[in-house]
Amino acid sequence: MAKGRKSPEKSQRPEKTQEELRQALSERMENIRLYALEQIDIYEDMLEKGDFDDKEGEPEGSGEKRKLEMQKDLLRADKQIDKIKEMLSSDKDLPQESVPDITSLNSQNKAILEGLFGKPEKGFVPTLIKPEDQDYTALKDDTDTDKFGEYMLNPDMQNIDFENIQESKIFIPDLSSFVGRPLCDVFKHLADTYSGTHHIPGLEYWKWLTENPTKTPPSLKDTDVWFYFPGSLVRSSGGDWFVPSARWDGSGWLRSADWLGDSWLAAYRVVLLEI
């Protein structure tokens, strides 16, 4: 397992002007605002219909749990908007990587997501959130079929040139002590332990690898293991959160995804990129 201390190579994309960055950030804030307004309408409609009451056959408190989860989503949107407002009102220059075009990212991801998860009625809805800010344990029990198509991207992964990552920057941690425990425990451990020293790839690296099999690094060409990419989570048609995974079959990649409550097996691995 090779180790290094250099940052992953960045793609040589032309830099945006500060005006362009601020415009992109303003558009992102507006998209979040519109999403929050839509969610408020849904929340109020559910409240009026009594959808936050426990349904027949449900455990006590299930309705209240749905209510609290929606409130948490709205609170997170408010926090994102406040953070963007703070950035826009600051005299400091905006860094290039701070404002990935989430609309463009969603367009790029749509086909590959539909191929594995199907087509949500409301389409796929991305959110940028770092793994260290995730509550993997809570997300394991977060089930909502009405939110099929939500997915999360790690903002730190959006400007990395995967084709030119040196082999020495790829790190595969030893997670053998987690065999038998739920995936959420593994991913929480990774976020708590490695967030300051490593990038945690998600959908973007999973997508790049599976679409570019001839460029796959040698250290990942192991036909006996499944690699997981917990920098992203996708809500399935069943309403649960799934993490992308893939296995090298000798000439290409087999794509899959697993629920956060599934057990970690001896044949599972995670790819990290050292900072």
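**Exercise 1. Find which residues of helix 6 are buried, and decide what this says about the place of the helix in the predicted model.**

Solution. Begin by going along the helix: in helix 6, the residues Leu203, Glu204, Tyr205, Trp206, Lys207, Trp208, Leu209 and Thr210 are buried. Next, set this against the length of the helix: eight of its nine residues are buried, so helix 6 is largely enclosed by the rest of the structure.

**Exercise 2. Determine how glutamate 211 and lysine 207 are placed in helix 6, and whether each is buried or partly exposed.**

Solution. First locate the two residues: both lie in helix 6, which covers residues 203-211, and they are four residues apart, about one turn of the helix. An α-helix has 3.6 residues a turn, so residues three or four places apart point the same way. Then look at the contact itself, where glutamate 211 forms a salt bridge with lysine 207 and the closest N and O atoms are 3.2 Å apart. Finally compare the accessibilities with the cut-off, under which a residue is buried below 20% relative accessible area. Lysine 207 has 16% and is therefore buried, while glutamate 211, at 44%, counts as partly exposed.

**Exercise 3. Work out which parts of the chain are linked by the salt bridge between arginine 235 and aspartate 142.**

Solution. Start with the distance: the closest N and O atoms of arginine 235 and aspartate 142 are 3.0 Å apart. The pair links distant parts of the chain, since arginine 235 belongs to strand 6 (residues 233-235) and aspartate 142 to the loop between helix 4 (136-140) and strand 2 (150-153), 93 residues apart. Both arginine 235 and aspartate 142 are buried. As a last step, widen the view to the network of salt bridges in which Asp142, Glu150 and Arg235 are linked.

**Exercise 4. Classify the two partners of the salt bridge between arginine 66 and glutamate 58 as buried or partly exposed.**

Solution. The closest N and O atoms of this pair are 2.7 Å apart. With a relative accessibility of 18%, arginine 66 counts as buried, whereas glutamate 58 has a relative accessible area of 28% and is partly exposed. To place this pair in its wider setting, note that a search of the whole structure finds eleven salt bridges.

**Exercise 5. Identify the residues that make a nonpolar surface patch, and say where leucine 34 lies.**

Solution. The patch, of about 230 Å², is made by Leu34, Leu37 and Ile40. Leucine 34 lies in helix 1, which covers residues 18-49. Its relative accessible area is 43%, so leucine 34 is partly exposed.

Notes. Residues numbered from 1 in each chain as written. Predicted model: local features only at pLDDT ≥ 70, side-chain atom pairs only at ≥ 80, totals over all residues. Heavy atoms only, no water. Patch = residues over 30% accessible without salt bridge, like charges linked within 9 Å, V, L, I, M, F, W, Y side chains within 5 Å. Areas by Shrake-Rupley, 256 points an atom, 1.4 Å probe, with all protein chains shown as cover. Salt bridge = Lys/Arg side-chain N within 4 Å of Asp/Glu carboxyl O. Buried < 20%, exposed > 50% of the residue type's maximum accessible area, 1.4 Å probe, protein only.
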